[in-house]
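Please open the model in your viewer and keep the selection tool ready. This tour moves from one selection to the next and says what is found at each stop.

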Amino acid sequence: MTELTLSAGGETITGVIEGAYDVLSVEKHPDGYVICYTYGDFYSHEAIHISRVTVENGEMIITDMAQ
C-alpha cells in the first residue's frame with residue numbers, strides 16, 4: 001500500500017493506493033496528477049499500473065486508468 005499526501009487550499013489531504021509498491025513517476029496535469037507505479041502483492045509486484053488523482057469536495061479521488 002502507498003499513502004499519498006496533497007496540500008490543497010491550506011489543508012492536507014491523504015489517500016491510499018492498495019497494492020501499490022514503488023512510484024515510478026508523477027505527472028502534474030491541470031485537473032490533477034497521473035501516477036505510474038508497480039502493483040501487486042507480497043509475492044509479485046512487477047505489474048505497472050497508472051492512476052489519476054484529483055480532489056473533489058475536499059477528498060482525494062484515485063481512479064485507475066487504462067494502461
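A residue is called buried when its relative accessible area is under 20%, exposed when that area is over 50%, and partly exposed in between, as found with a 1.4 Å probe and protein chains only. Keep in mind that this is a predicted model, in which local features need pLDDT of at least 70 and side-chain atom pairs count only at pLDDT 80 or more, while totals for chains, interfaces and linings use all residues. Residues are numbered from 1 along each chain as its sequence is written, and side-chain values use heavy atoms, with hydrogens and water left out.

**First stop: a turn**

Select asparagine 57, which sits in the loop between β5 and β6; the strands named here, like the helices, are DSSP runs numbered from the N terminus (at least two residues of type E for a strand, at least four of type H or I for a helix). With a relative accessibility of 81%, asparagine 57 counts as exposed. Its phi is near 50°, a positive value in a residue other than glycine. In general, most residues other than glycine have a negative phi.

Now add glycine 58, which is found in the loop between β5 and β6 and is partly exposed, with a relative accessible area of 46%. From glycine 58 to tyrosine 33 the C-alpha to C-alpha distance is 16 Å, and the two are 25 residues apart in sequence.

**Second stop: the open sheet**

Widen the selection to β5 and to strand β6 (residues 59-65), which pair in the antiparallel sense over 7 bridges; two strands are said to pair if DSSP finds at least two bridges between them. Glutamate 56 has glutamate 59 in β6 as its bridge partner, and the two strands form a hairpin with 2 residues between them.

Which strands make up the open sheet, and in what order do they stand? The sheet has 4 strands in the order β3-β4-β5-β6, with antiparallel pairing. Because β3 and β6 stand at the edges, each with a single partner strand, one side of each is left without a neighbour in the sheet. On average, neighbouring strands of this sheet are turned by 30° against each other, direction ignored; the axes behind such angles are lines fitted to C-alpha atoms (for helices over the stretch in contact), and angles run from 0 to 180 degrees between N-to-C directions.

Next, follow the sheet pair by pair. The antiparallel strands β4 and β5 are joined by 7 bridges, and here tyrosine 33 has valine 53 in β5 as its bridge partner. Another 7 bridges join β3 to β4, which also run antiparallel; histidine 29 stands opposite glycine 32 in β4, and β3 and β4 form a hairpin with 2 residues between them.

**Third stop: side chains that meet**

Select serine 51, which is found in strand β5 and, at 0% relative accessibility, counts as buried. Its side chain is joined to that of tyrosine 37 by a polar contact of 2.8 Å; such a contact is a pair of N or O atoms within 3.5 Å, where within protein one must be able to donate a hydrogen and the other to accept it, and residues adjacent in sequence count only if both atoms are side-chain atoms.

Then show arginine 52 and aspartate 31, which form a salt bridge with their closest N and O atoms 3.3 Å apart. The term stands for a side-chain nitrogen of Lys or Arg within 4 Å of a carboxyl oxygen of Asp or Glu. Arginine 52 lies in strand β5 (residues 47-56) and aspartate 31 in the loop between β3 (20-29) and β4 (32-39), so the pair ties together parts that are 21 residues apart in sequence. Arginine 52 is partly exposed, with a relative accessible area of 25%, and aspartate 31 is partly exposed too, at 47%. A search of the whole structure finds 1 salt bridge.

**Last stop: the start of the chain**

Finally, select threonine 2, placed in strand β1 (residues 2-8) and buried, with a relative accessible area of 15%. The side chain of threonine 2 reaches the backbone oxygen of alanine 20 at 3.1 Å. Strand β1 is joined by 7 bridges to strand β2 (residues 11-17), and the two run antiparallel. Alanine 8 stands opposite glutamate 11 in β2, and in the turn of this hairpin, which has 2 residues between its strands, glycine 9 has a positive phi of about 60°.
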